[in-house]
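Thanks for coming. I'll go through one sheet and what packs on it.

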Amino acid sequence: MKEIKCPNCGQVFQVDESGYAQIVSQVRDAEFLRELQRQEKALAEKREAELKLIKADQEKTAAEKDREIARLNAKLENSETEKKLAMTEAVQQKDAELAEKNEEITRLRSELQLQKQEGELQAQSLKNEYSGMLKLKDEQIEQLKDFKSKQSTKMVGESLERHCSDEFNKIRMTAFPNAYFEKDNEAVENTKGDFIFRESDENGTEFISIMFEMKNESDTTATKHKNEDFFDKLDKDRKKKKCEYAVLVSTLEADSELYNSGIVDVSYRHEKMYVVRPQMFITIITLLRNAALNSLKYQRELAIVRNQQIDIQNFEENMNTFKEQFGRNYRLASEKFRKAIDEIDKTIDHLQKTKDALLGSENNLRLANGKAEDLTIKKLTKNAPSVREMFEELNDGK
């Protein structure tokens, strides 16, 4: 049995299981229905509120979307405008640049055309000048050929020497005021060069010396010489005159590309030897002199050391000479001293003998004097009666 208490009066009822089940079922169904209705109402209210909220949100979102769309549309319109403006500006700038480039191209074309015209005029001027120079050169060559044809071999050689001498003397006082450049007139072993160049610094230290040989020949000369034919003699002349460099100034082998190229170093044949054309005569002097000036400092230091060595050598030589002369004089003096002593000893011995002889003579003289004092006429005429008679007659006659 189940008990059920009335909620209003408090009375307790007893019901069986089936009745309880029915009551519970009824209560549960009614409660469930009420709860269901309540929940349905709550859900409906909630749904309605949510729908209102959603509608409001939707309305708000739609407004915001409309505003955003309007903003984006405005921005898009502005962007399109800016884009159009930028494109317009870019196009204008590009057009300006193209116009500027076109102007620059036009200007450059004008300048190029002007330069072309100037180049053509200059080329024509150079051509005319070169043609004039060629013509003058041809005339000079013809004159030189005519001049050479009228000269003897000796005169041809002397003309080159005179040319080199004149070229040097033109700049002697400005470029080489302290230099020596003269004809080599002193023959050593029956040979000599043509010119010698020497230069010294303010202390008198020679820093450059060049032996020159000038070789020229007529175009009509039957036997043509080569430059190398004169290398050996030039090297010997350089060494005999104690020159540092040797230079052959030559017009020989006029068609040689080697000798026409400028200054030719032939030290593979002889040390410090060069071959030049006459137009390079001053140039080779200048180059060798400048190179020597660069090493002059070291030459000065070497000269100081050499002078010191010479001073020491001279001191030693003077000392040795003094010692030798002193020793010789001492030996000679000793010999003469001994000889003088011997002579003195001999003289003393001789004087002693003379003294003894003199002493002996004095004794004899004393005896002689005694005898002379003892001598009378009576004694003298003792054994000479005739003489005594003569003395007596003489006495009687007085």
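Two strands count as paired here if DSSP finds at least two bridges between them. By that rule β3 and β4 qualify, with five bridges and an antiparallel run. One residue pair to look at is E182, whose bridge partner in β4 is I196. Keep in mind that this is a predicted model.

Next along is β4 with β5. Six bridges join these two strands, again antiparallel. F197 has I210 of β5 as its bridge partner. The two strands make a hairpin, with five residues between them. In the turn, G204 has a positive phi of about 90°.

Now the whole sheet. It is open and has six strands, ordered β3-β4-β5-β6-β8-β7, with mixed pairing. Why does one side of β3 and of β7 lack a neighbour in the sheet? Because β3, residues 179-183, and β7, residues 264-265, are at the edges and each has a single partner strand.

For β7 that partner is β8, residues 273-276; two bridges join them and they run antiparallel. V264 is bridged to V275 in β8.

Then the helices. Helix α3, residues 231-240, packs on the sheet and touches β5 (206-215), β6 (245-250) and β8. The direction of α3 makes about 150° with that of β5. Helix α5, residues 281-294, lies across β3, β4 (195-200), β5, β6 and β8. Relative to β5, helix α5 runs at about 160°.

To recap: an open sheet of six strands, with helix α3 packed on it and helix α5 lying across strands that include β3 and β8.

Definitions and conventions
Residues are numbered from 1 along each chain as its sequence is written. This is a predicted model: local features need pLDDT of at least 70, side-chain atom pairs count only at pLDDT 80 or more; totals for chains, interfaces and linings use all residues. Side-chain values use heavy atoms; hydrogens and water are left out. Helices (H or I, at least four residues) and strands (E, at least two) are DSSP runs, numbered from the N terminus. Contact means heavy atoms within 4.5 Å. Axes are lines fitted to C-alpha atoms, for helices over the stretch in contact, and angles run from 0 to 180 degrees between N-to-C directions.
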